[in-house]
Amino acid sequence: MPRPDPILPSTERTALAWLRYKRLMSWMAIVAVVAVLLALIYLKSSGREVPIHMAIATIAGVGLSVLLGTGLMGLVYFSSHSGHDDHIGRGDGHDG
């Protein structure tokens, strides 16, 4: 019968990893805003009128893509730095 995953205790290492992740995401929110502004400036510089629907799609597409990509990659680093990955692959017979 499969055993449930152990619940890791909250440690100072995990708290530090959360702090680093939140700091990373706050910087990436600023980067996302800059990327959206650059994309809108690029569209405006094309010489054509930018319809409101295109502007909204650009804001959503560029902004959410940057935030999603950095958020997921940040969670990979969070998992590594918080100690959650330390128990994987030890070969202690608990993996089935």
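Me: Is Val-66 buried, partly exposed or exposed?
Reply: Happy to start there, keeping in mind that this is a predicted model. Val-66 sits in helix H2. Its relative accessibility is 22%. Buried would need a value under 20% and exposed one over 50%, so Val-66 counts as partly exposed.

Me: How far apart in space are Val-66 and Met-28, C-alpha to C-alpha?
Reply: Along the sequence, 38 residues separate Val-66 from Met-28. In space, the distance between their C-alpha atoms is 7.7 Å.

Me: Are H1 and H2 roughly parallel or roughly antiparallel?
Reply: Helix H1 covers residues 12-44, and helix H2 covers residues 52-82. Their axes come within 8 Å and cross at roughly 160°. An angle over 145 degrees falls in one class, so H1 and H2 are roughly antiparallel.

Me: Is the crossing of H1 and H2 left-handed or right-handed?
Reply: Good follow-up: the two axes come within 8 Å of each other. Where H1 passes H2, the crossing is right-handed.

Me: Is Tyr-77 buried, partly exposed or exposed?
Reply: Tyr-77 is another residue found in helix H2. Its C-alpha lies 8.5 Å from that of Ala-17, although the two are 60 residues apart in sequence. With a relative accessible area of 49%, between the cut-offs of 20% and 50%, Tyr-77 is therefore partly exposed.

Me: Which residue is 71 residues from Thr-11 in sequence and 8.4 Å from it in space, C-alpha to C-alpha?
Reply: Thr-11 belongs to the segment before H1, and is partly exposed at 35% relative accessible area. The partner at 8.4 Å, C-alpha to C-alpha, is Ser-82.

Me: What is the area of the nonpolar surface patch that includes Leu-37?
Reply: Leu-37 lies in helix H1. A patch residue needs over 30% relative accessible area, and Leu-37 has 47%, so Leu-37 clears that cut-off. The other members are Trp-27, Ile-30, Val-33, Val-34, Leu-38 and Ile-41. Together with Leu-37, they make a nonpolar patch of about 720 Å².

Note on methods
Residues numbered from 1 in each chain as written. Predicted model: local features only at pLDDT ≥ 70, side-chain atom pairs only at ≥ 80, totals over all residues. Heavy atoms only, no water. Patch = residues over 30% accessible without salt bridge, like charges linked within 9 Å, V, L, I, M, F, W, Y side chains within 5 Å. Areas by Shrake-Rupley, 256 points an atom, 1.4 Å probe, with all protein chains shown as cover. Salt bridge = Lys/Arg side-chain N within 4 Å of Asp/Glu carboxyl O. Helix = DSSP H or I, 4+ residues; strand = E, 2+ residues; numbered from the N terminus. Buried < 20%, exposed > 50% of the residue type's maximum accessible area, 1.4 Å probe, protein only. Axes fitted to C-alpha atoms, helices over the stretch in contact; angles between N-to-C directions. Parallel < 35°, antiparallel > 145°, perpendicular 65-115°, else oblique. Left-handed = near helix turned anticlockwise from the far one by under 90°.
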